[in-house]
Every structure is written in C-alpha cells, then in structure tokens.
Amino acid sequence: MVDKEIFDTPLHFLKGVGVARAKTLASELDIHTFRDLLYNFPFRHIDRSRFYRISELTQDAPMLQIAGRFVGFCEEGEGAKLRLTGTFSDGQQMMQCVWFRNIKTIREMYRTGTDYVIFGKPVYYYGYYSMAHPEVEVYDPQKPPSGWRGVYNLTEALRKRGVTSRLIQTLVTNLFENRRLAELPEVLPPEIISAGHLMPLREALYAMHFPKDAAQLQRATERMKFEELFYIELHILRYARQRNISVQGHIFATIGKYFNSFYANQLPFELTGAQKRVLREIRGDMRTGRQMNRLLQGDVGSGKTMVAFMTMLMAVDNGFQAVLMAPTEILATQHYDSLQEWCAPLGLEVRLLTGSTGVAARREIDEGLRNGTINFVVGTHALLEDRVTFARLGLAVIDEQHRFGVAQRARIWAKNVTPPHVLVMTATPIPRTLAMTVYGDLEVSVIDELPPGRKPVETMLRYADNRMSVNRLVAQQLREGRQIYFVYPLIKENEKLDLQSLEEGYRAVCDTFRNIPVSFVHGQMKPDEKEYQMQLFVTGKTRIMVATTVIEVGVNVPNASVMIIENAERFGLSQLHQLRGRVGRGADKSYCVLMSKANMSATTRKRLTIMTETTDGFLISEADMKLRGPGDMEGTQQSGLAFSLKVADLARDGQILTRAREAARQVLDAVPQLYQDKEGTVPSNAGEFSNKPMTLAPDSIELLNRELDRRFAHKIDWSQIS
Ligand code: ADP
Ligand code: MG
C-alpha cells in the first residue's frame with residue numbers, strides 16, 4: 001500500500017540524513033521512519049513571525065528576532081577569557097551581541113554595514129540588552145519573516161554530531177517537500193474528523209512543527225491529542241465490551257429480607273443522598289447479568305463502609321457469600337468489628353481472616369466458607385491464598401484499592417468460574433480523567449457528600465519557630481480530654497535517618513508532655529507489637545500517638561482532635577489529605593498542623609497552602625496532579641498507567657479525553673465487529689462528541705483495525721484485569 005510505505009520509509013532515505021545521522025537519530029531519539037520524524041514534536045516553539053524593536057524588549061522576553069546592522073566589534077579580555085562584543089542597531093536603539101567561542105570565524109563572517117537578522121534570548125546586563133551567541137542571517141527583504149519554529153529535545157550525543165533544532169527543522173521541511181508526502185494518508189476515519197471538527201492529519205503535522213500562529217498550533221495540538229487518546233479509549237473499550245458480553249455475572253435479582261430488615265430496624269443514621277445514589281448504581285449493575293466492576297470513590301469519612309456492607313447484604317439476600325478485603329490488619333479488624341455488630345441481630349455469620357489467625361480458627365473458617373455456613377469474611381491478603389475457597393462467592397469488596405496491585409485483584413477473579421462482582425473502594429480521589437484511562441473499563445461511582453454535621457479540620461502551616469505555640473495547642477486539647485497524633489515521614493531511601501528523627505520526635509514528645517501516656521508505632525515493628533500500640537490508642541489508654549504513615553489507612557478514633565504532621569513537605573498532597581482524615585471524626589473542632597522548614601520552594605509552598613485552603617479531596621487531588629504530573633500520583637504507581645502518552649496530558653486534557661472516549665463509544669456502537677466476539681450490543685451513553693449516531697464506511701473500519709493493530713498489537717490484554 002502506498003499509505004503504509006510513505007510512513008514507514010526508513011529515515012536515511014530522506015534528503016539530508018545519511019546513514020550515520022540516521023543511526024544517531026535512531027539510537028538517541030528512537031526516530032527510525034518518516035512517521036517517527038513527523039511525530040517527533042517540538043517541546044516548545046519560538047516566534048519568528050515578526051521582527052522585534054529593541055525598544056520593545058523586556059527582562060523576561062522570549063527568544064526573538066531583530067533586524068538591523070552591526071555598528072562595531074570589539075574584543076575584550078585574553079586567553080580563555082577572550083570575548084567578542086558586537087554592537088547592533090535596529091536604526092533607533094543599540095544592543096550588544098556577545099561571543100565567547102569561535103571568535104576569529106565570527107569576526108571574519110559578520111561585517112558592519114550589512115543588514116542582518118539576529119535571533120536569540122535577550123538579557124538585560126549593565127544597562128544594555130545583549131544576546132549571547134545569537135543566530136545571525138543576512139536580512140533578505142524579499143523573504144517575509146517565517147512563522148513559528150520548533151525547539152526539539154536533543155541529547156549530548158546528538159549535539160556532538162551536529163544535530164540541532166535547526167537541523168531537525170530542515171529535515172522536516174525536506175520531508176514535507178517530498179512529493180509523496182502530498183498524499184500523506186489520514187489515520188482517523190473521515191467520519192470522525194468531521195464529527196469532531198478536527199484538523200486533517202497532514203495539516204496538523206505541518207502545523208505542529210511550523211505553526212503560523214498560536215491559534216493554529218492549538219488546533220493542531222488538539223487534533224494530535226485527540227488521535228492519541230481516541231485510539232487508547234477505543235482499545236480499552238472494545239475489550240471491556242467484549243468481556244461484558246462473554247463473561248456472565250451473577251444476577252442479584254432481589255432486595256430481600258436481610259437488606260430490608262437492616263434498613264428498617266438497624267441503620268444507625270439516615271443515609272446521605274450520595275450513599276443512596278451509589279447504592280442504586282450498584283444495584284443497577286448487579287441485576288443485569290453482567291459482572292460488576294465498579295470503582296467507588298469517596299472522600300475520607302464519606303461513609304463507604306456502610307455502602308459496602310449494604311451491598312454485601314444484597315449478596316446474601318440472593319444466596320451468595322461476600323468478602324471484604326482491607327490492606328492492613330488493623331483496618332480489617334475495625335471493619336470486622338463494625339460488621340460483627342451489624343450482623344449479629346440479623347443472624348448472619350461473619351469471620352475475620354488475617355495473617356495472625358490461629359491454625360484451629362483458620363481450619364474452621366476454611367470449612368465454613370467452603371460449605372457456605374459463613375456468609376461474610378473480612379480480611380487481609382490472607383484471603384487470597386489458594387486454600388481459601390467459597391461455596392458461592394458473589395461479591396468481593398476491596399477497600400483502599402491502591403494498596404493492592406492489579407495482579408491481586410485478578411486473583412479474586414480467578415476464585416470462581418463465574419467471577420464475583422467487584423467493588424473497589426478508594427479514598428484517594430483519583431481524578432475522573434485518570435480513572436478512566438488507568439482503569440479503562442471500571443465504572444466509577446462517587447460519594448461526593450459527607451454525612452451531615454462534620455466540621456472541617458482547621459489546617460495551618462507552621463515552622464520550627466512556632467513549636468512552642470503548637471505545643472500549647474496540643475496541651476490545651478489534652479486538657480480537654482482529646483487525643484493527639486504526631487506523624488513522621490518514613491521513606492525507603494533514607495530509612496535510617498528517618499527512623500532516627502522519628503525516635504527523637506518520640507523522646508521530645510515524651511519530654512514535653514510528661515505524665516501523658518504515648519503510643520509509638522512505625523512500619524518496622526512486629527505486627528503484634530504494632531497492633532498492641534494502636535489498640536492502646538484506640539481504647540484511649542494512651543493519649544498521644546507518635547507514628548509514621550502506618551496510621552494512614554484505617555484507624556477510627558473519633559476522640560482524636562489534633563494531628564501534627566512533621567516535615568509535611570515530604571508528603572504528597574493526597575497522602576496529607578488521607579492523614580488529615582484521621583482527625584475531625586468526632587463532634588469537636590479539630591486541627592491539623594503542617595510542620596515544615598521555612599525555606600521551601602515556591603511549588604512546595606503552593607502545595608502546602610492548598611491543604612490549608614480546602615478540605616475537598618477532589619480539588620486536592622486535581623491540584624496534586626497538576627503540580628506533580630500524573631506519573632507521580634500516589635495510588636497509581638502500583639497499577640501504573642498502562643499507556644504512556646506522548647502528546648496528551650491527563651492533568652490538562654480532560655475535555656479532549658471525554659470527547660475521544662465518546663467517539664470511541666460511538667464507533668463501537670456502529671461497528672460491533674471491532675470487538676472480537678461479534679455477538680450482542682451494549683447500550684451507549686449519548687455524549688457531547690456529536691449527538692448523531694455514527695455510520696462508518698468499510699474503508700474507515702479497515703483503517704481503524706489497522707491503526708489498532710499497529711498501536712496495540714504488542715500490548716497486554718486488558719480484559720483480564722478487573
Ligand atoms: P470512609 O468512607 O472513610 O470509609 P466510614 O465508612 O469509615 O468512611 O465512615 C466514617 C464515619 O461516618 C463512620 O463513623 C460512619 O459510621 C459514619 N457515617 C457513615 N455514613 C453516615 C451517614 N449517612 N450519616 C452519619 N454518619 C455516617
Ligand atoms: Mg474506610
């Protein structure tokens with residue numbers, strides 16, 4: 001095919017490349033073909049669309065070009081310090097050009113009295129603007145100023161071989177002058193281009209490298225981002241649909257006596273509107289015969305446990321068992337205690353299974369799960385062991401999902417012929433855009449409302465100088481009978497130092513608050529010792545807890561009213577938010593103090609200030625993602641982004657992602673054969689992409705299949721990950 005050939009032509013066939021350069025470009029930038037060169041976009045652009053006047057220059061001016069003449073040259077210094085200064089005039093004002101290298105050549109090359117265009121970054125220095133090592137060209141009045149030009153990523157090896165941004169510009173220009181590029185094939189079907197009002201590929205590629213202006217660059221960028229995201233979404237969704245069709249789910253047809261009796265007689269509070277809505281969404285999933293895969297996001301304290309429990313009741317009402325899995329023993333134990341209390345009046349059997357469950361108890365639990373006499377089991381990773389089997393497992397609830405890897409979730413899946421419904425709960429508010437791409441086919445439910453009567457935690461940023469006043473706050477709260485957390489960072493890289501500062505912190509706390517019993521907990525302790533220290537605090541026998549982030553998930557101590565976070569700058573925002581969620585659980589006003597060093601970077605200050613300004617987990621997480629980039633997001637490291645993005649940026653391109661996903665949905669509605677199993681259809685949501693149903697020409701379908709193959713043939717099969 002003509003199409004394929006031009007894109008896949010090896011780079012050394014291009015004028016100006018040659019074998020040696022082709023090799024370097026391949027090894028350094030992974031550019032092998034014409035396609036690679038075209039898709040190697042500049043990371044920024046410089047404006048060569050107009051000439052600036054010297055009078056217009058400012059301290060923070062970007063790289064720019066000025067037309068004028070050299071009025072004189074002057075060499076200063078000697079030896080290694082030798083430099084050449086050229087005074088440059090635009091006819092009205094003067095500035096300087098400075099060279100530190102190649103002085104002899106330059107001195108011979110440029111003359112006074114000739115019109116030149118100089119290009120570079122002006123800096124203000126001792127009363128003059130000057131440009132170091134500017135690009136200099138003879139001014140050609142016939143030639144209009146060119147448009148914008150790209151600046152490309154380069155490496156040292158490339159520079160050594162004379163590859164500059166300028167050279168890449170030339171190569172791209174040569175490529176566009178190639179006759180065959182006139183018929184550059186489109187990689188999106190025309191139906192999508194027109195429904196999405198997208199710039200055609202050839203035009204967009206050219207504009208990515210040589211935009212006329214900012215507006216054109218933006219349109220081109222949008223098109224390239226759309227293209228990237230559209231194929232990712234199409235890929236994810238076609239597998240999701242295939243699985244929805246080929247994998248049967250248990251049908252929970254009824255809401256029965258357990259659910260109703262609990263709702264009528266035992267529910268300790270009125271459910272929030274958000275809890276009710278989410279329960280309806282879950283119920284909707286479970287009656288369809290498709291297996292549910294739902295991510296339940298809800299801020300700390302939003303009441304996810306109750307939603308989980310009531311979902312578990314739907315399972316027993318339909319004759320199934322359910323598991324609730326938590327990342328830590330302490331959290332599992334707390335869940336077990338709550339469930340125990342709610343289950344007893346209903347006559348339901350619930351057990352706790354963790355690493356420290358004794359042999360005899362384990363045997364009894366294994367047996368009960370196998371013969372179905374146990375309805376619910378709560379536990380840790382221990383639940384994943386092969387020996388744990390169920391009579392009729394209908395539902396798996398996984399709390400604090402980010403602690404579990406994808407592989408572990410797949411193991412629960414493997415426990416039954418018909419996979420259980422899966423409800424994954426997280427308090428890490430993953431921005432929707434990210435969730436859509438990371439988890440692909442997980443539906444997302446959000447509890448976006450806290451139970452009534454919660455008071456926001458008053459959060460303040462404090463420094464070493466303020467230690468006395470912070471201690472006064474602690475002392476005063478202790479006098480009122482409250483409990484206090486001191487939290488220290490503990491990060492693998494310098495574990496020793498961290499442990500040392502934690503221990504010092506512990507001693508300081510004991511010194512300052514004499515006669516107050518203190519718990520001391522960190523990740524290096526033996527589980528039973530940790531458990532013991534935690535339990536002391538939970539039961540109020542100790543009043544202060546000095547700990548590392550092991551307390552991050554789980555403990556519910558409503559009487560705790562102050563949390564001091566030491567070296568707060570070392571925590572991620574979402575982590576700080578989770579930690580802060582440990583206080584403010586009771587009726588009293590509570591405080592979170594972020595201790596930090598006074599001299600911090602602007603970004604750090606911004607991050608910590610966000611914490612003092614809002615308690616909205618979604619805002620915080622979104623801000624975190626913008627400041628740190630999605631790659632760094634806590635909670636996503638383990639699952640990892642399955643696809644690396646070249647042009648699009650999840651933190652900023654949520655809207656484009658939504659449109660791309662909608663387009664992918666419509667394509668799959670129009671062309672069921674894009675998923676391998678050709679039977680059945682799945683209803684789609686109408687969306688903003690275009691409200692007309694899409695029809696696709698046979699050529700377009702072939703194109704989509706070809707592109708999907710090219711882009712993802714080597715990628716993992718997402719249908720196996722729930
Ligand atoms: P999380 O979503 O962080 O897991 P929990 O499920 O632990 O939150 O709930 C936090 C606290 O709020 C618990 O003490 C719980 O009993 C209480 N709670 C949950 N839902 C409601 C509600 N609708 N009204 C009042 N309190 C509630
Ligand atoms: Mg919880």
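What is the volume of the largest pocket? In this predicted model, the largest pocket has a volume of about 1300 Å³, and the views below go from the pocket as a whole to the ligand held within it.

**View 1. The largest pocket and its lining.** The lining of the largest pocket is made up of 48 residues, and those lying nearest its centre are G301, S302, G303, R454 and R585. Two or more lining residues come from each of the helices α12 (304-317), α13 (329-343), α20 (573-580) and α22 (617-628), with α13 giving the most, namely seven residues. Sorted by class, the lining of this pocket holds 17 nonpolar, 16 polar and 15 charged residues.

**View 2. Ligand 1 and the residues around it.** Ligand 1 sits in the largest pocket, where 15 residues surround the ligand and Q275, G301, K304, T305 and R454 come nearest. The shell around ligand 1 consists of four nonpolar, six polar and five charged residues.

**View 3. Polar contacts of ligand 1.** A nitrogen atom of ligand 1 lies 2.9 Å from an N or O atom in the side chain of Q275, while an oxygen atom of the ligand lies 2.6 Å from an N or O atom in the side chain of T305. At S302 the partner belongs to the backbone, since a polar backbone atom of this residue is 3.4 Å from an oxygen atom of ligand 1. On its own, ligand 1 has 560 Å² of accessible area, and the protein covers 77% of this area.

Terms used
Residues are numbered from 1 along each chain as its sequence is written. Chains are lettered from A and ligands numbered from 1 in the order in which they are written. This is a predicted model: local features need pLDDT of at least 70, side-chain atom pairs count only at pLDDT 80 or more; totals for chains, interfaces and linings use all residues. Side-chain values use heavy atoms; hydrogens and water are left out. A residue is near a molecule or strand if one of its heavy atoms lies within 4 Å of it. A polar contact is a pair of N or O atoms within 3.5 Å; within protein, one must be able to donate a hydrogen and the other to accept it, and residues adjacent in sequence count only if both atoms are side-chain atoms. Accessible areas come from the Shrake-Rupley method with a 1.4 Å probe; for residues, only the protein chains shown count as cover. On a 1 Å grid over the protein atoms alone, a cavity is a set of points where a 1.4 Å probe fits but cannot get out, and a pocket is an open set with protein on both sides within 12 Å along at least five of seven lines; lining residues have an atom within 4 Å of a point. A molecule sits in a cavity or pocket if more than half of its atoms lie within 2 Å of its grid points. Ala, Val, Leu, Ile, Met, Phe, Trp, Tyr, Cys and Pro count as nonpolar, Asp, Glu, Lys and Arg as charged, and the others, Gly among them, as polar. Grid points are joined across faces, edges and corners, and a volume is the space filled by probe spheres set on the points. Helices (H or I, at least four residues) and strands (E, at least two) are DSSP runs, numbered from the N terminus.
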